[in-house]
Amino acid sequence: MKPFTSLSSLYALLLFTLLSPHLSPSWAASDSAYDAFLQCLTRRTQPSDHVSGIVYSRANSSFSDVLVSYIRNLRFNSSSTPKPLVIVTPTRESHVQAAVLCSKDLGVHLKIRSGGHDYDGISYVSQDDFFILDMFNLRSIDVDIQEETAWVQAGATLGELYYRISEKSKVHGFPAGVCRTVGVGGHFSGGGYGNMLRKYGLSVDNVIDARMVDVEGRILDRKAMGEDLFWAITGGGGASFGVVLAYQIKLVPVPEKVTVFRVEKTLDQNATDLVYKWQFVAPNTDPGLFMRLLLQPVTSKTQKGQKTLRVTVVTLFLGNSDQLLAITDKELPEMGLKKENCTELSWIESALWWDGFDEGTIPALETLLSRDYDANFLKRKSDYVQTPISKANLDWLWKKMIELGKVGLVFNPYGGRMSEIPASATPFPHRAGNLFKIQYSINWSEDDPELEKNYLAQIRRLYSYTTAFVSKNPRSAFLNYRDLDIGTTTNGKNSYEEGQVYGVKYFNDNFQRLVKVKTAVDPSNFFRNEQSIPTLPN
């Protein structure tokens, strides 16, 4: 346990000792931790706050519902998954300040959760005794359309942000992810990536201010925190440096009508030719055109009992279908795109189309406000491709994917604005020189440990197969596609060496600057997780 340095800390320790004289400082009894935390929180907030209503112990009948409601990967919702001692759900900024100081006083690890979409669950799971600071109530969004800016709290979702922008304007949007239930806090702090990145860059390339709580419990804006810390929390992962409360973003212009389409090809329909050519076209075409590829082993419709590979092109174009066809007919005729494949709609409607409503009628825009999410079991990994993969190697890769049977790949093109922004402008370094990012993807719905073991082995094997085709020294990865396979830290005496292993993969040459910022603002490493930025070694 960390040393106690204030009267309030000593009071909390005395309370804990009285409540649990036979327990070790590891907080073996959740109720004792809850009582001590609640006492501390009550002293550090206003009486009118009624903080008992925002703190949940394991004994609380709502504890499981609160915990599970933002678990988006069922791999981390089993009886054996470590559970927090306490969940605190702040409704105002002062609650966050108090939660940080009380967790620090009591020497308990604090995990910070915005939307729960961390692929490997580290915003709500820990092997240490821990509290969860669950930000879902801090979800206000203030759009200033005259200034073309918005303040967005960390607990808001992307769907809520898009909806609130559309309330004020049909010709403004924001470049961020395509899943409406993703939380702003984690998404933006890790970079924030979506289907307008070729035109406008990442979410963090359009962040102009922030508010955060630091390790001393102070609320800092960009001016108060300084440019180094602001830089770090715009792509370096906020949870290593403090608790991000809100970001101020610059809105971007979008046309009144955009165009979307989905085209599928299988191997017997020259899918390999399409993918090969796509590597040259997609990163270099009009920056308003984003063509994602989905690659999936499927059962053949033409050869009974045989497996094939299906390639799906999913696209957003910031313009009309005639303008789009003029580009694709010339640059990528292998796609065979026709006007009847295209749908013109508003940008806000395209957000719903991309979120899974791509067949039939687009639902009411209020659907973007829903936080309902059908969680399943999943694993993700990532890579960057810097030179085109040959047709022969693509054919070999398809064969391996079909042999494995279930793992899919997503190719996301870069280029455009992404190539214009220096690699050091934000902690996210994967800029010029990267043709596309690969996401490795596997989902399943059965709660079966043997099945999970098999599927995790599959995705890891496919990752090993692609080694020759992707970036090297380091083999880069994307922080928002969290992957504990690439390295973890125990946050002990070797944390710097451990952190370097995954840190240079996520951040390349920006890792050392992140370490220096971390050492300056959180030298005791209070804000930490399994892949956090370490401090410099003593």
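# Close-up views of a predicted model

**View 1. Strand E17 sits between two neighbours.** Strand E18 (residues 436–444) is joined to E17 by six bridges, and the two run antiparallel. Strands count as paired if DSSP finds at least two bridges between them. Helices (H or I, at least four residues) and strands (E, at least two) are DSSP runs, numbered from the N terminus. This is a predicted model, in which local features need pLDDT of at least 70 and side-chain atom pairs count only at pLDDT 80 or more, while totals for chains, interfaces and linings use all residues. Residues are numbered from 1 along each chain as its sequence is written, and side-chain values use heavy atoms, with hydrogens and water left out. Within the E17–E18 pairing, Gly-408 has Ser-441 in E18 as its bridge partner. Strand E13 (residues 289–299) also pairs with E17, in the antiparallel sense, over three bridges. There, Leu-293 is matched with Phe-411 of E17.

**View 2. Both faces of E17 are covered.** How many of the six residues of strand E17 (residues 408–413) are buried? Six of the six are, so the strand is largely enclosed by the rest of the structure. Buried means under 20% relative accessible area, exposed means over 50%, and partly exposed lies in between (1.4 Å probe, protein chains only). Gly-408, Val-410 and Asn-412 lie on one side. Leu-409, Phe-411 and Pro-413 lie on the other. In a regular strand the side chains alternate between the two faces of the sheet.

**View 3. Strand E4 has parallel partners.** Strand E4 (residues 130–134) is mostly covered, with five of its five residues buried. Phe-130, Ile-132 and Asp-134 point one way, and Phe-131 and Leu-133 point the other way. Strand E2 (residues 86–88) runs parallel to E4 and is joined to it by three bridges. Ile-87 stands opposite Ile-132. Strand E3 (residues 109–113) is also parallel to E4, with five bridges. Arg-113 has Asp-134 of E4 as its bridge partner.

**View 4. Phe-188 belongs to the largest nonpolar core.** A nonpolar core is a set of buried Ala, Val, Leu, Ile, Met, Phe, Trp, Tyr and Cys residues joined through side-chain atoms within 4.5 Å. Which members of this 119-residue core touch the most other members? They are Phe-188 and Ile-249. Contact means heavy atoms within 4.5 Å. Leaving out residues up to four places away in sequence, Phe-188 touches residues including Leu-158, Phe-174, Ser-203, Tyr-247 and Ile-249. A second, separate core has 33 residues, among them Phe-37, Val-100, Met-135 and Val-215. In soluble globular proteins, nonpolar side chains tend to be buried together.

**View 5. Ser-203 is a buried loop residue.** Ser-203 lies in the loop between helix H7 (197–200) and strand E8 (207–213). Is Ser-203 buried or exposed? Ser-203 counts as buried because its relative accessibility is 0%. Residues up to four places away in sequence aside, the contacts of Ser-203 include Phe-174, His-187, Phe-188 and Tyr-193.

**View 6. Helix H12 is mostly covered.** Seven of the eight residues of H12 (residues 347–354) are buried. Among them are Trp-347, Ile-348, Trp-353 and Trp-354. The buried residues pack against several elements, including helix H5 (158–168), strand E12 (258–266) and strand E14 (307–317). Just after H12, Gly-356 takes a positive phi of about 115°.

**View 7. Aromatic rings pair up across the chain.** The structure holds 25 aromatic pairs. Rings of Phe, Tyr and Trp (its six-membered ring) pair if their centres lie within 6.5 Å; planes under 30 degrees apart count as stacked, over 60 as edge-to-face and the rest as tilted. Phe-377 and Trp-444 are stacked, at 6.1 Å centre to centre and 15° between the planes. Phe-377 lies in strand E16 (residues 377–385) and Trp-444 in strand E18, 67 residues apart. Phe-377 counts as buried because its relative accessibility is 6%. Trp-444 is buried too, at 4%. Trp-396 and Phe-469 form an edge-to-face pair, at 6.1 Å and 80°. Trp-396 is partly exposed, at 34%, whereas Phe-469 is buried, at 11%.

**View 8. Lysines lie over tyrosine rings.** A charge sits over a ring if NZ of Lys or CZ of Arg is within 6 Å of the ring centre and within 35 degrees of the ring normal. Lys-400 lies over the face of Tyr-465, at 5.2 Å from the ring centre. Lys-406 lies over the face of Tyr-455, at 5.5 Å.
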